[in-house]
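The following exercises are to be worked with the sequence and the structure at hand. Each task is followed by a solution in steps.

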Amino acid sequence: MDDWKALRVSAERLAADFEALSQIGATPDGGVHRPAFSPAHLEARLWLGERIREAGLRFRIDSVGNHSALLACGPDHAATLLLGSHLDSVPNGGRFDGALGVLAALEVLRVVKEAGLSLPVHLEAIDFTDEEGTLVGLLGSAALAGKLSLQELQAPRGGRAELLAGLQRAGLSESGLPGARRDPAGLAGYLELHIEQGPRLVNAGVDIGVVSAIVGICSYRLDFIGRADHAGTTPMLDRRDAGLGASEFILASRRLVLDEFPDCAINVGEARFAPGAFNIVPERASLALELRAPQADTFSRLETALLDLAGATAGSHRLGLEARFLGRHQPSPMGSLAQQAITQAAGDLGLRSMVLVSGAGHDAQSLADLCPTGMLFIPSQAGASHSPREFSQWVDCQNGANVLLQSVLRMAYRK
Ligand code: GLV
Ligand code: MN
Ligand code: MN
């Protein structure tokens with residue numbers, strides 16, 4: 001008998017958790033500010049630990065700070081099916097990104113525990129450390145997957161001093177981080193529920209997105225270096241204006257992507273001019289550049305093309321260029337087993353689904369080549385995300401949590 005197909009999450013319990021978590025690090029405009037290892041992030045993790053204990057689940061924190069709820073519902077030596085997401089947010093972010101996936105994962109464990117199901121696998125709901133890249137990006141999942149790059153820790157995109165201070169606040173040690181690695185043989189799979197963070201589901205009027213792949217993400221710090229000069233007396237054509245070169249690069253790189261890499265995206269999310277005064281021609285202009293592509297070959301062609309463009313733009317303004325590589329996560333196809341489970345679970349629940357590529361990065365990227373991995377999306381109103389405007393209808397959150405539950409059971413039973 002497939003009685004498990006009738007199981008559903010408790011929407012009230014999930015909603016109560018969601019409202020309580022949204023208060024931690026709440027911003028006046030309805031979002032949350034919970035960058036990795038900030039006081040609000042650490043408070044959210046304490047709160048999660050309490051919910052886990054309250055549910056009678058085993059609670060574990062590993063050496064990279066990943067927080068887990070464990071349900072031993074399989075035979076003694078069974079592998080573990082992981083489900084989860086992250087509680088950290090971008091600065092001044094939204095309430096749904098990551099948080100919904102962690103809470104839905106916890107709810108799935110509570111439902112399975114209450115139903116007293118014995119599965120062929122154990123279940124673990126996990127809150128990964130520093131998904132958002134305020135410090136490193138996918139830090140917890142990369143460590144768990146044994147992919148933590150020590151080079152990234154020496155020059156992380158959020159700054160080395162910030163990383164070390166954050167680890168200390170969380171009671172973690174840098175040397176201990178790689179110890180969070182898990183043997184892939186012990187992983188039965190990974191499933192993650194997330195908001196889409198874009199407008200495709202809403203525009204198509206579809207309930208559930210079945211993710212086929214996650215884009216690769218690569219970041220650089222680009223410094224254009226010119227000469228500081230008097231802003232009033234130096235003839236316009238004699239200046240070596242680093243700000244001008246950097247600005248031209250921003251415009252030209254956008255053109256390049258639109259013309260030659262239509263399925264890719266780039267972003268210059270921060271620009272700093274130094275010395276930084278009204279009356280000094282900028283000597284140094286420092287840009288935070290991120291590039292994203294869905295396939296490995298396009299990803300490396302885009303990276304080369306952007307670095308070439310930065311070099312050429314600097315040259316044409318008689319500027320120097322320092323390009324500092326700050327980290328890369330490869331594009332990751334999702335597993336067919338998980339995609340099938342999600343599609344069938346959605347269908348069983350009477351929900352419409354469609355296949356799409358994720359333009360956002362996710363912890364599933366770290367695990368995709370180690371175990372059967374999948375992600376499901378729910379609609380994001382107006383496609384807004386990484387902003388307090390981020391919003392999903394509660395019915396969609398509830399649907400997503402039920403699809404997660406049923407996908408987990410399908411993955412566990414291999415149905
Ligand atoms: C994470 O959400 C990212 O895509 O930056
Ligand atoms: Mn996220
Ligand atoms: Mn995010």
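A polar contact is a pair of N or O atoms within 3.5 Å. The model used in these exercises is predicted.

**Exercise 1.** Determine which residues surround ligand 1, and examine the distances from its oxygen atoms to polar atoms of Glu132, Arg292 and Gly361.

*Solution.* Begin with the surroundings: Glu131, Glu132, Arg292, Ala360, Gly361 and His386 lie around ligand 1. Next, take the side chains. Arg292 places a polar side-chain atom 2.7 Å from an oxygen atom of the ligand, and for Glu132 an N or O atom of the side chain is 3.0 Å from a ligand oxygen atom. Finally, turn to the backbone: a polar backbone atom of Gly361 is 2.7 Å from an oxygen atom of ligand 1.

**Exercise 2.** Describe how helix H10 (residues 336-348) packs against helix H12 (residues 394-413).

*Solution.* First, consider the geometry: the angle is about 130°, and the axes are 8 Å apart. H10 is therefore oblique to H12. The crossing is right-handed. Then list the contact: H10 contributes residues including Leu337, Ala341 and Ile342, while those from H12 include Val403, Arg410 and Met411. Sorted by class, the contact has eight nonpolar, three polar and two charged residues.

**Exercise 3.** Locate Pro275 and Leu138, and characterise the backbone there.

*Solution.* Pro275 belongs to the loop between strands S8 (265-274) and S9 (284-293). The peptide bond joining Ala274 to Pro275 is cis, with omega about 0°. Leu138 lies in the loop between strand S4 (122-128) and helix H4 (139-144). Although Leu138 is not a glycine, its phi is positive, at about 50°. For comparison, most residues other than glycine have a negative phi, and most peptide bonds are trans.

Terms used
Residues numbered from 1 in each chain as written. Chains lettered and ligands numbered in written order. Predicted model: local features only at pLDDT ≥ 70, side-chain atom pairs only at ≥ 80, totals over all residues. Heavy atoms only, no water. Axes fitted to C-alpha atoms, helices over the stretch in contact; angles between N-to-C directions. Helix = DSSP H or I, 4+ residues; strand = E, 2+ residues; numbered from the N terminus. Parallel < 35°, antiparallel > 145°, perpendicular 65-115°, else oblique. Left-handed = near helix turned anticlockwise from the far one by under 90°. Contact = heavy atoms within 4.5 Å. Nonpolar A, V, L, I, M, F, W, Y, C, P; charged D, E, K, R; others polar. Near = heavy atom within 4 Å. Polar contact = N/O pair within 3.5 Å; in protein donor to acceptor, adjacent residues only side chain to side chain.
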